[in-house]
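Student: I am new to this structure. Please take one part and walk me through it closely.

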Amino acid sequence: MPSTGTDTERTMNSDATASQAFVRGLRDAVPYVREHHDRVFVVSFGGEAIEHPSFAGVAEDLVHLANLGARLVLVPGARPQIDRRLAAAGIEPRYHKSLRVTEPEALSAVKEAIGQVMLDLMAALSARHGMTSGSGLSHRVLSGNFILARPMGVIDGVDFGYTGRLRRVDVAGLKDAVEDGSLVVQPSLGFSPTGEIFNLRAEEVAVATAVALGADKLIFLTDPIEGLPAEMTPTDAGRMRHDVALSEEFRLHLDSAVEACARGVSRVHLVDRETPGSLLLELFTRDGSGTLITAEPYERTRTAQMEDIGGIVALITPLEEEGVLVRRSREQLELEIDRFVVIERDGDVIGCAALYPYPENAMGELACLVIHPDYQRAGRAQRLLTHMEHLARRLGLARLFVLTTQTAQWFQERGFALAELSKLPLPRQQLYNFSRNSKIFIKPLA
């Protein structure tokens, strides 16, 4: 059936929309590409992730991340694979305090399972991706004896056999490997100076490796959990681990995240291991796709600095062009930057406001209150207003006033009352622009 003109227009509009979305996404990602270049990320995931149908896409994303310049150390687990090997050998898995007991007769099954996981992972990382373009990407993968371990010993009368405890990380060896550009795969095994092999918990290896390397991020590809917040503090994560609905895998990752933060890893990410592209979305978009656990604030309100001027200009320029705000030159912003407060989200300015005090009148002008369109209707404007009111009180001001042409209702709903020009400080009266005909609102600060 021949295409109609309407069909052609729809196709063209669809193509244009897709192109615009691609360009917007690329522009948003570029700062993160630069930020992540040469940074060390430790990525850990259980054996369940490797067996999931989506893992080929995860492996491809890891290769893309490495080719964009991130230095990766991967720490895979192998619990389900080990259990199957033990079952095939007729050996009943034994656990004590959630730790596997690796008896001498079980060690062969453990080594076989972990070895198979390593080979499968290396194969997935060696696949050449993007072949449709004729320029497939792969990456060099290596492993080594980077983990020194010792036996767990006897606890509560239980001999853990070849279950070990991490003793030391070969930091120099790992750094040589990642700085050489290799993608490092570290199995959940450790070696003793006497040549013994010990079975370790992958989460313990991941945390110790991230701490030893001073990794910028520790990332757990984990069991998907609905309703997780975008950000948590270690305290929040510690409380959540008592939720009975959590899987054992997710609980281990939560505990490991809390431990990593306590030991100096600044950012730990929990990322859904089953959703396609979730790792790239988490690392290359402002809002991510997983949960960030950090003791450092991901979003904060603070006094503006000179380096924030570009972000403030990007926020206010569209409103200046619409006539909502009075135009401010960059030079004026530089002179008045100490009057501004910004909301910073992961390094980007997403909100701003300014306070101009008139101490002789115990009044202050609230100006330039702007929230980026992508972050409106989430209470940030109210939080910023509250912050500015607190700031005004600390300066000894008794009233706050605002001049507005289009947001009168919003300010009235928050305690501002319509006022006459004569109620403003005389210097501000003299600067009033009658052509704008802005409405004046004043709020007492209790």
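**A close look at one strand**

Tutor: Start with strand β20, residues 363–371, which is mostly covered: eight of its nine residues are buried. Keep in mind that this is a predicted model.

Now look at what lies beside the strand. Strand β19, residues 348–358, pairs with β20 in the antiparallel sense. Seven bridges hold that pairing. Pick one of them out: C352 has V370, in β20, as its bridge partner. Next, trace the turn. The hairpin of β19 and β20 has four residues between the strands. A362 takes a positive phi there, near 55 degrees.

β20 also pairs with strand β21, residues 399–404. Here the two strands run parallel, and three bridges join them. M363 stands opposite R399 in β21. How does the chain get from β20 to β21? It crosses through helix α13, residues 380–394. This β-α-β crossover is right-handed. So β20 has an antiparallel partner in β19 and a parallel one in β21. As a general point, side chains in a regular strand alternate between the two faces of the sheet.

Compare the strand with some helices. Helix α7, residues 202–213, is mostly covered too: nine of its 12 residues are buried. Among them are A202, E203, V205 and L213. Check the length of α7 as well. At 1.5 Å a residue, its 12 residues should span 16 Å. The end C-alpha atoms of α7 are 16 Å apart, which agrees. After α7 comes G214, with a positive phi near 65 degrees.

Go on to helix α9, residues 248–262, where F250 has its place. Is F250 buried or exposed? F250 counts as buried because its relative accessibility is 0%, and the cut-off for buried is under 20%. The C-alpha atoms of F250 and I225 are separated by 8.2 Å, although the two residues are 25 apart along the chain.

Finish at the surface. Helix α1, residues 5–36, contains V23. V23 counts as partly exposed because its relative accessibility is 35%. V23 belongs to a nonpolar surface patch with F22, L26 and V30. Together these residues have about 360 Å² of accessible area. A general rule helps when you view such a stretch: an α-helix has 3.6 residues a turn, so residues three or four places apart point the same way.

How values were computed. Residues are numbered from 1 along each chain as its sequence is written. This is a predicted model: local features need pLDDT of at least 70, side-chain atom pairs count only at pLDDT 80 or more; totals for chains, interfaces and linings use all residues. Side-chain values use heavy atoms; hydrogens and water are left out. Patches are made of residues with over 30% relative accessible area and no salt bridge: like charges are joined within 9 Å, nonpolar side chains (Val, Leu, Ile, Met, Phe, Trp, Tyr) within 5 Å. Accessible areas come from the Shrake-Rupley method with a 1.4 Å probe; for residues, only the protein chains shown count as cover. A salt bridge is a side-chain nitrogen of Lys or Arg within 4 Å of a carboxyl oxygen of Asp or Glu. Buried means under 20% relative accessible area, exposed over 50%, partly exposed in between (1.4 Å probe, protein chains only). The expected span of a helix is 1.5 Å times one less than its number of residues. Two strands pair if DSSP finds at least two bridges between them. A crossover is right-handed if, with the strands pointing away from the viewer, the path from the first strand over the helix to the second runs clockwise.
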